[in-house]
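Visitor: Please take a close look at the surroundings of the ligand. I would like one connected account.

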Amino acid sequence: MPQPRKLHDEFFLRAKAEGYAARSAYKLLEIQEKRRILKRGDLVLDLGCFPGSWLQVASELVNPSGMGGGGRVLGIDLQRVEIDLPGNVATLVADAFKTDAKTLLAAIEETKRDRFDVILSDMAPNTSGHGDDFLSARLCDRVLDLCPALLRPGGNVLMKVLEGEPTPEVIKRTKNMFREAGTTKPKASRDVSREIFIWGKGYEPARALVTPKPAGSRVAQPPPPSAAWPDRPAKTPPRGSR
Ligand SMILES: C[S@@+](CC[C@H](N)C(=O)[O-])C[C@H]1O[C@@H](n2cnc3c(N)ncnc32)[C@H](O)[C@@H]1O
């Protein structure tokens, strides 16, 4: 007989005990352990950042000292992130399809950098059981479409995809744009889930230019949302400072 799904599994309980906003934190931590996607001092874009556990993990990895001058993380999501975040993290409520590169670069203006070192995407479509793999592949295509304007040469990408018919194409496209690329399924990812993660290291813009884009990936640009880096300390001490 099939076993009922455990709602509060090991990773859920660990996340609660260790102060992470979600169990997803352990997916990024495990992938980081194997693939070294992020490093100290990096400027990171986290697409689909709500409720914020990847923001927490990335913030720690890029700026372990917790002092100024280290790395920064900009997160965007359709939903507002409600948790208290460290000072090196800013968020925008925005749709990755409707937000242009200019808006995202404007949000990092004060860092005096013109590209991100790493783009993370844990974006997931609203799953209906029909065509989720295509919706998920479309989200990955959006990430890859943003690379020429947003990712520095040599930069890294990590993105979630729900496996299905279009997945090999997305993987092929990533391999064409990065020096090395592959897929991984961390232990914290539920066995029943079709999600895997595609990683690419060493972005090669010249190759990206000749990599064909899938049809229909262009979107209209809405007015830019306003972004601000936090100028006041979080209400409760962020993770790592406790
Ligand atoms: C699995 S959650 C991300 C979890 C997050 N990485 C964490 O660790 O807390 C997926 C998120 O993708 C967001 N998302 C889906 N489509 C999006 C889009 N077009 N633009 C921005 N965010 C999107 C959803 O709102 C949702 O919050």
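**The ligand site**

Guide: The shell around the ligand consists of 10 nonpolar, 5 polar and 4 charged residues; here Ala, Val, Leu, Ile, Met, Phe, Trp, Tyr, Cys and Pro count as nonpolar, Asp, Glu, Lys and Arg as charged, and the others, Gly among them, as polar. This is a predicted model, in which local features need pLDDT of at least 70 and side-chain atom pairs count only at pLDDT 80 or more, while totals for chains, interfaces and linings use all residues. Residues are numbered from 1 along each chain as its sequence is written, and side-chain values use heavy atoms, with hydrogens and water left out.

Of the 19 residues around the ligand (a heavy atom within 4 Å of it), those that come nearest are Ser53, Asp77, Asp95, Ala96 and Asp122. Polar contacts are pairs of N or O atoms within 3.5 Å. In one, a polar side-chain atom of Ser53 is 2.5 Å from a ligand oxygen atom. A backbone N or O atom of Trp54 lies 3.1 Å from an oxygen atom of the ligand, and a polar backbone atom of Phe50 is 3.5 Å from a ligand oxygen atom. The protein covers 88% of the 600 Å² of accessible area that the ligand has on its own (Shrake-Rupley method, 1.4 Å probe).

Ser53 and Trp54 are among the buried residues of H3, buried meaning under 20% relative accessible area with a 1.4 Å probe, protein chains only. Helix H3 (residues 53-62; helices are DSSP runs of H or I, at least four residues) has 8 of its 10 residues buried, so it is largely enclosed by the rest of the structure. Leu55, Gln56, Val57, Ala58, Ser59 and Val62 are also buried.

Conventions
Polar contact = N/O pair within 3.5 Å; in protein donor to acceptor, adjacent residues only side chain to side chain. Buried < 20%, exposed > 50% of the residue type's maximum accessible area, 1.4 Å probe, protein only. Helix = DSSP H or I, 4+ residues; strand = E, 2+ residues; numbered from the N terminus.
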